[in-house]
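User: I'm new to this one and keep tripping over the labels. Could you show it to me and explain how each label is earned?

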Amino acid sequence: VTAPFAGHAQSSLVSKWEKVGPVNFTAAARQSPSTIVATTSHGYIYITHDDGTTWQRREIGDTLDLTTISFGDSLHGMILVNGGALATTDGGATWQPNKAPKNIAPFYVACIGSDTIFIVNWIGNIYRTIDGGATWVEQFTVSDTATSTSRLPTKIVFFDNQRGYVLGIGMYVQTTDAGEHWNAKGIKGQDGDSSTLYDIDFYNRDTGVMSGSDDYFTTTDGGATWTDPPMPHDERND
């Protein structure tokens, strides 16, 4: 820090602040069959059009913490950032502040089509908009169920725009009608303890798997029921 010389005009020493440090990638979403977009805690997104061989960096806001991203189609998407949300309607060329539900601490987002968006807050409540974020309705409230005493959400994902899942600790919340109705179901591993669910995917409409902290679970009936197969090795957090 230096003191200005007497009689000389003092110029601004700082014209812009930028977050520095290592870049942490926070999420990735497929925007189109050929495009994947990744978010970072550094305020930038990284875009690839060739399955990750090359990437282009684009600044959203260099002091922002971009936490998760979702696209409903190639033009419409949403990024959660610093307790709020940014939305695009032009394929990511511009991102505008969106009227996300106020005072809910949004954690995860899932977009379906051009105007339908789901947001999950930090305790697992689910909110939906069908007009691109102009109005929001709470679709599911954690107090509606006593399945588990710990429900911190870990992911929200939709398959074929109809079946959706919110994963959490010791439970998952499921919809089969594009989010009109949600049902919570508790789930435990072979040792009887509640498993933290991290991810879910389906091989086809009937066969899928959920990964957990101490177990994994499989379904052959489209997610109606889940079984807990024996772990192939005595390992944890796989």
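Analyst: Here is a walk through some of the labels, each set against its definition. Keep in mind that this is a predicted model.

User: Fine, let's start broad. How many helices and strands are there in the protein?

Analyst: The protein has zero helices and 19 strands. Of its 238 residues, 45% count as buried. The exposed area comes to about 13000 Å², and carbon and sulfur atoms supply 52% of that.

User: What makes β14 "mostly covered"?

Analyst: A residue is called buried when its relative accessible area is under 20%. In β14, which covers residues 163-167, five of five residues are buried. That's how the strand gets its label.

User: Which residues of β14 lie on one side and which on the other?

Analyst: Side chains in a regular strand alternate between the two faces of the sheet. For β14, one side holds Arg163, Tyr165 and Leu167, while Gly164 and Val166 are on the other. Both groups are buried, so the two faces of β14 count as covered under the 20% cut-off.

User: How do you know that β13 and β14 pair?

Analyst: Pairing takes at least two bridges between the strands. β13 (residues 155-159) and β14 have five, so they qualify, and the sense is antiparallel. You can spot Phe159 opposite Arg163 of β14, and Lys155 has Leu167 as its bridge partner. The two strands form a hairpin with three residues between them. In that turn, Asp160 has a positive phi of about 50°.

User: What about the other neighbour, β15: how many bridges join β14 to it?

Analyst: Four bridges do the job, against the two required, so β14 and β15 (residues 171-175) count as paired. They run antiparallel, with Tyr165 opposite Gln174. This hairpin also has three residues between its strands, and Gly170 takes a positive phi near 75°.

User: Why are β13 and β16 said to stand at the edges?

Analyst: The open sheet has four strands in the order β13-β14-β15-β16, with antiparallel pairing. β13 and β16 (183-186) each have a single partner strand, so one side of each is left without a neighbour in the sheet. From one strand to the next, the twist averages 20°.

User: Which strands are at the edges of the sheet with β5, β6, β7 and β8?

Analyst: That one is an open sheet of four strands too, ordered β5-β6-β7-β8 with antiparallel pairing. Its edge strands are β5 (66-71) and β8 (96-97), as each pairs on one side only.

User: What makes β7 and β8 a pair?

Analyst: They're joined by two bridges, and at least two are needed, so β7 (residues 84-88) and β8 meet the rule. Their sense is antiparallel. Look for Leu86, which stands opposite Pro97 in β8.

User: Last one: why is Ala105 called partly exposed?

Analyst: Its relative accessibility is 38%. Buried would mean under 20% and exposed over 50%, so Ala105 falls in between and counts as partly exposed. You'll find Ala105 in the loop between β8 and β9 (106-112).

User: And how do you know that Ala105 is in contact with Asn121 and Trp122?

Analyst: Contact means heavy atoms within 4.5 Å. Leaving aside neighbours within four places in sequence, Ala105 is in contact with Asn121 and Trp122. Ala105 and Asn121 are 16 residues apart in sequence, yet their C-alpha atoms are 5.5 Å apart in space.

How values were computed:
Residues numbered from 1 in each chain as written. Predicted model: local features only at pLDDT ≥ 70, side-chain atom pairs only at ≥ 80, totals over all residues. Heavy atoms only, no water. Buried < 20%, exposed > 50% of the residue type's maximum accessible area, 1.4 Å probe, protein only. Areas by Shrake-Rupley, 256 points an atom, 1.4 Å probe, with all protein chains shown as cover. Axes fitted to C-alpha atoms, helices over the stretch in contact; angles between N-to-C directions.
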